[in-house]
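Please open the model in a viewer and keep the sequence panel at hand. The stops below each begin with a selection to make.

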Amino acid sequence: MTTNELHLTKGSTANAQYALDIDPKRAGWAHSSLRIVELPPGGTHLFTTGDSEWIVLALQGGCTVQTEGTEFQILGRESVFSGVSDFAYVPRDAQVQIASGAGGRFALAGAKCERRLPARYGPAPEVPVEDRGSGTAARQVRNFASADAFDCDKLIAVEVITPGGNWSSYPSHKHDEYRPGEESELEEIYYFEIDGANGFGYQRVFPSREGGTDVLAEVRSGDAVLVPDGWHGPSIAQPGHDMYYLNVMAGPGATREWRICFHPDHTEGYR
């Protein structure tokens, strides 16, 4: 794929239902999906999960999520920079309704899956929050649906807050081949929001094999970058503008796990 096919600018995948709509066909892969739905005050959105499991995550505002006779009240948050949000997991082969009295923006992180797990609520206080890295590589990772924090069949999803001027997704790393106990094969979506008007950041993806993915993208709020393979990172935040990104991952492995390989040239001196 070309850079233009892997760096999806705000609005480039929008349709009548979603402000952003990335499914496996659009991404050119087999598993990972991401949608952003924007609801006006009193708005509702109905969707069918199909062959994928989904997490409904508030980016801004709160909502109710109804499925199979169960309703979850998502308190949400003012923005992705104001703190952790609660969320709802909905299974494959189900109908789901999202409704918001005050309106808001909501991410639907999805992955094609085999098992049909029960619908569940994820409370914000139970989300593990990790301070990763140090110095100018320090960032906060919110592991709301990491492989060891919340049960899904295939889906792995986390949020990262990178302070202005810092690097994250560093050292550069990859997860594009299956090596038992060392590396898992995962497709990945980065969805970005930047704090403050006209803020921007940069995302690097470079080849781990001949002919592999090669992207250097200037990213702004509402952009996404697809990582089908390759070393990825750093993600660089403009000084004075904190960067948020949502990572959505899934792959073909029989075991749901996040195992990565660091680039050997980027680890020296890193703490």
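Begin with the second largest pocket of this predicted model, where the space comes to about 200 Å³. To display its lining, select K10, G11, A14, A19, L20, I36, E38, R105, Y191, E193, S221 and G222. Colour the selection by class: five of the lining residues are nonpolar, three are polar and four are charged. Next, show strand 3 (32-39) and strand 18 as ribbons, since these are the elements that give two or more residues to the lining of this second largest pocket.

Keep strand 18 on display and turn to the largest pocket, to whose lining strand 18 (187-194) also gives two or more residues. The space in the largest pocket is about 360 Å³. Select R132, V141, H173, W258 and I260, which lie nearest the centre of the largest pocket among its 24 lining residues. Then add strand 12 (139-145), strand 13 (156-162) and strand 23 (243-250), each of which likewise contributes two or more residues to this lining. Coloured by class, the lining of the largest pocket shows 13 nonpolar, seven polar and four charged residues.

The next stop is a single residue. Select S85, in the loop between strand 6 (70-77) and strand 7 (87-90). Is S85 buried or exposed? Its relative accessibility is 2%, so S85 counts as buried. To see what surrounds S85, show L57, A58, I74, G76, R77, A124 and V127, the residues in contact with S85 once its neighbours within four places in sequence are left aside. Draw a distance between the C-alpha atoms of S85 and A58: the separation is 6.4 Å, although the two residues are 27 apart along the chain.

Finally, clear the selections and view the whole chain as a ribbon. Its secondary structure comprises two helices and 24 strands. Along the principal axes, the C-alpha atoms fill a box of roughly 50 × 40 × 35 Å. The radius of gyration is 17 Å, which agrees with the value near 18 Å that a compact globule of 271 residues would have. Of the contacts in the chain with a separation of 6 or more, 73% are between residues 24 or more positions apart.

Switch to a surface representation for the last view. The accessible surface of the chain is about 11,600 Å², and carbon and sulfur atoms account for 48% of this area. Of the 271 residues, 54% count as buried, and S85 is one that counts as such.

How values were computed:
Residues are numbered from 1 along each chain as its sequence is written. This is a predicted model: local features need pLDDT of at least 70, side-chain atom pairs count only at pLDDT 80 or more; totals for chains, interfaces and linings use all residues. Side-chain values use heavy atoms; hydrogens and water are left out. On a 1 Å grid over the protein atoms alone, a cavity is a set of points where a 1.4 Å probe fits but cannot get out, and a pocket is an open set with protein on both sides within 12 Å along at least five of seven lines; lining residues have an atom within 4 Å of a point. Grid points are joined across faces, edges and corners, and a volume is the space filled by probe spheres set on the points. Helices (H or I, at least four residues) and strands (E, at least two) are DSSP runs, numbered from the N terminus. Ala, Val, Leu, Ile, Met, Phe, Trp, Tyr, Cys and Pro count as nonpolar, Asp, Glu, Lys and Arg as charged, and the others, Gly among them, as polar. The radius of gyration is taken over C-alpha atoms; the globule rule is 2.2 Å times the number of residues to the power 0.38. Buried means under 20% relative accessible area, exposed over 50%, partly exposed in between (1.4 Å probe, protein chains only). Contact means heavy atoms within 4.5 Å. Accessible areas come from the Shrake-Rupley method with a 1.4 Å probe; for residues, only the protein chains shown count as cover.
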